[in-house]
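Subject: Structure for your files

Hello,

Please find the structure below. My notes on what was found in it follow.

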Amino acid sequence: AMHDLLREFARDRVLPEIAVDERDAAVLRLLDHNLLLAESCGRLIEPRRYRVSPFSEDSVSQSTRFADRATALEWIQAEWPALVDLCRMAAARGLHSRCWQLSFALRDYFFLAKLWEPWIDTHRAAVMSARAVGADGELATALNSLGIALADRGDLTSAVGHYQEALKLF
């Protein structure tokens, strides 16, 4: 979290002094760092779920700072709004794989906490990102997870359409 005045100062005074390629590299580091933490949380929250992940089990376990499930839950409860913003930012910047990877990493927590709106929001972004680059496997996964969120929320009619599209792609 950053105070509004500090954020405004950084945006207006500091950011213009940083080269575009340096800013882009910093955004990638921020996304990758948070993606790794979110993936680590998901593995602690629901260790039995099948994962489509860019990270191996070893890379996640070596770089995680979470001692246990409770610590992971504490972190993600505080950080999920920022992670949703990062997912949106990745999609807007054309960093499509980071968008869907982050949305997939967040779904375990969203399912557990019954946070349907951010779940649906991030997976709609993931669907758009996967469509944008023709990533059919990721699109199928995003559609399926979006269907789960909608069904869990009680919107079975919308869920069916997503499931049917995902089934064709799978």
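Phe 66 and Trp 75 are both buried, where buried means under 20% relative accessible area, exposed over 50% and partly exposed in between (1.4 Å probe, protein chains only). The two rings form a tilted aromatic pair, 5.5 Å centre to centre with 55° between the planes. Rings of Phe, Tyr and Trp (its six-membered ring) pair if their centres lie within 6.5 Å; planes under 30 degrees apart count as stacked, over 60 as edge-to-face and the rest as tilted.

Before going further, a word on the source. This is a predicted model, in which local features need pLDDT of at least 70 and side-chain atom pairs count only at pLDDT 80 or more, while totals for chains, interfaces and linings use all residues. Residues are numbered from 1 along each chain as its sequence is written, and side-chain values use heavy atoms, with hydrogens and water left out.

Aromatic pairs number 4 in the structure. Another one of them joins Tyr 109 and Phe 110, also tilted, at 6.3 Å centre to centre and 50° between the planes. Both Tyr 109 and Phe 110 are buried, and ring pairs link them with Trp 80 into a cluster.

Next, the core. The largest nonpolar core (buried Ala, Val, Leu, Ile, Met, Phe, Trp, Tyr and Cys residues joined through side-chain atoms within 4.5 Å) has 40 residues. Cys 41, Trp 75, Ile 76, Leu 83, Leu 102 and Leu 106 have the most contacts inside it. At least two residues each come from helices H2 (20-45), H4 (69-92), H5 (96-113), H6 (116-133), H7 (136-153) and H8 (156-169). Helix H4 gives the most, 9 residues. Helices here are DSSP runs (H or I, at least four residues), numbered from the N terminus.

Leaving aside neighbours within four places in sequence, Leu 106 is in contact (heavy atoms within 4.5 Å) with Ile 76, Leu 83, Val 84 and Thr 122. Thr 122 sits in helix H6 and is buried, because its relative accessible area is 2%. With the same neighbours left out, Thr 122 is in contact with Val 84, Cys 87, Ser 103, Leu 106 and Phe 110.

Finally, the surface. Met 2, Leu 6, Phe 9, Val 14, Leu 15 and Ile 18 make a nonpolar patch of about 500 Å². Patch residues have over 30% relative accessible area and no salt bridge, with nonpolar side chains (Val, Leu, Ile, Met, Phe, Trp, Tyr) joined within 5 Å and like charges within 9 Å. A salt bridge is a side-chain nitrogen of Lys or Arg within 4 Å of a carboxyl oxygen of Asp or Glu. Phe 9 lies in helix H1 (residues 4-14) and counts as partly exposed, because its relative accessibility is 48%.

Regards

Conventions:
Accessible areas come from the Shrake-Rupley method with a 1.4 Å probe; for residues, only the protein chains shown count as cover.
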